[in-house]
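Let's take a walk through a protein model, one strand at a time. Have the picture open and follow along as you read.

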Amino acid sequence: MEVRLGSTLLRLMVGDITQQDTEAIVNAANSSLMGGGGVDGAIHRAGGPQILEECKQIVARQGSLPTGQAVITTGGKLKARYVIHTVGPIWSGGNRGEDELLHNAYYNSLSLAREKGIRSISFPSISTGAYRFPIERAATIALKTVRDFILENNFFTEVRFVLFREDDFKVYQRAWEKLSGGIEG
Ligand code: ADP
């Protein structure tokens with residue numbers, strides 16, 4: 001699914017984020033930045049040890065990464081030149097600021113990309129795996145944050161959501177249709 005928003009192409013697709021050719025891909029990391037399971041593990045495996053080296057240097061400089069914040073490393077062996085690492089919230093019922101923290105994770109990733117002059121970026125579905133954020137709710141926050149940022153900045157050529165499973169893709173597609181009043185898509 002593709003939608004044009006100003007000069008930006010917003011794309012939702014099923015796929016593996018480690019294979020994307022956007023300038024940057026986003027990693028749903030954890031605060032330690034030391035790798036882990038899920039998409040984090042896949043990115044470190046595909047990108048090689050260079051990424052972890054850079055993550056270690058970042059942690060040595062500024063400590064672990066707070067939830068909602070974002071940092072950048074190179075992409076190692078990936079097609080993407082950069083990896084933006086962000087930490088989504090762990091779901092704990094919805095009354096612990098999870099919505100805003102998830103918004104921050106997307107927003108701060110986009111801000112950092114923009115600051116670095118990166119014009120194309122791929123996102124996974126942050127927090128909806130091991131962190132158990134309900135995916136319908138997460139999809140709406142993700143898409144709204146990205147749409148608003150795209151329209152306000154008119155800077156990116158392409159923003160991609162790379163969903164790992166067909167079912168997740170469908171949830172994002174439906175969330176987009178609701179968000180845009182069922183007109184686009
Ligand atoms: P979190 O801890 O933020 O929940 P996870 O990695 O556990 O992160 O899950 C986030 C999402 O990433 C899940 O929907 C999972 O299916 C998806 N995912 C796992 N591997 C990949 C991959 N290679 N490319 C894209 N998405 C992936």
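Find arginine 4 and look across to strand S2: the residue standing opposite is leucine 9. That pair belongs to the place where S1 and S2 (residues 8–14) sit side by side, antiparallel, with 4 bridges between them. The chain gets from S1 to S2 through a hairpin with 2 residues between the strands, and there glycine 6 takes a positive phi near 60°. Keep in mind that you're looking at a predicted model. The protein chain averages a pLDDT of 97, and 98% of the residues score at least 70. For the complex, the predictor gives an ipTM of 0.98 and a pTM of 0.97.

Now keep going across from S2. On to S7: these two strands run parallel and share 6 bridges. Leucine 10 stands opposite valine 159 of S7. Valine 159 turns up again when you look at S6, as the bridge partner of isoleucine 121. S6 (residues 120–123) and S7 (residues 158–163) are parallel too, joined by 4 bridges. What holds neighbours like these together? Strands of a sheet pair through backbone hydrogen bonds, in either a parallel or an antiparallel arrangement.

Next comes S3. It pairs with S6 in the parallel sense over 2 bridges, and isoleucine 25 is found opposite serine 122 of S6. S3 also runs parallel to S5, this time with 6 bridges, and here alanine 28 faces threonine 86 of S5.

Are the residues of S3 buried or exposed? Buried: that goes for 6 of its 6 residues, so to speak a strand that is mostly covered. Ala24, Val26 and Ala28 point one way, while Ile25, Asn27 and Ala29 point the other way. That back-and-forth is what you'd expect, because in a regular strand the side chains alternate between the two faces of the sheet.

So what lies over this part of the sheet? Helix H1 (residues 38–47) lies across S3 (24–29) and S5 (82–87), running at about 130° to S3. Helix H3 (residues 98–115) lies across S3, S4, S5 and S6, at about 150° to S5.

Time to put the strands together. They form an open sheet of 7 strands, in the order S1-S2-S7-S6-S3-S5-S4, with mixed pairing. S1 (2–5) and S4 (70–74) are at the edges with a single partner strand each, so one side of each has no neighbour in the sheet. From one strand to the next, the twist averages 20°.

Step back and look at the whole chain. How many helices and strands does it have? There are 5 helices and 7 strands, and from the N terminus on they run β-β-β-α-α-β-β-α-β-α-β-α. The radius of gyration is 15 Å, close to the 16 Å that the globule rule gives for 185 residues, so the chain is as compact as a globular protein of that length. Its C-alpha trace spans about 45 × 35 × 30 Å along the principal axes, and buried residues make up 44% of the 185 residues. Of the contacts with a separation of 6 or more, 72% come from residues 24 or more positions apart.

One last thing, from a database record: an unreviewed UniProt entry lists residues 1–180 as "domain: Macro". The end C-alpha atoms of that stretch lie 14 Å apart, and the span is 42% helix and 21% strand.

Key. Residues numbered from 1 in each chain as written. Predicted model: local features only at pLDDT ≥ 70, side-chain atom pairs only at ≥ 80, totals over all residues. pLDDT = per-residue confidence, 0-100. Rg over C-alpha atoms; globule rule 2.2 N^0.38 Å. Buried ≥ 20, exposed ≤ 12 C-beta atoms within 10 Å, placed from the backbone. Contact = placed C-beta atoms within 7 Å. Pairing = 2+ DSSP bridges. Axes fitted to C-alpha atoms, helices over the stretch in contact; angles between N-to-C directions. UniProt positions renumbered as here; feature names shortened; annotations may be inferred.
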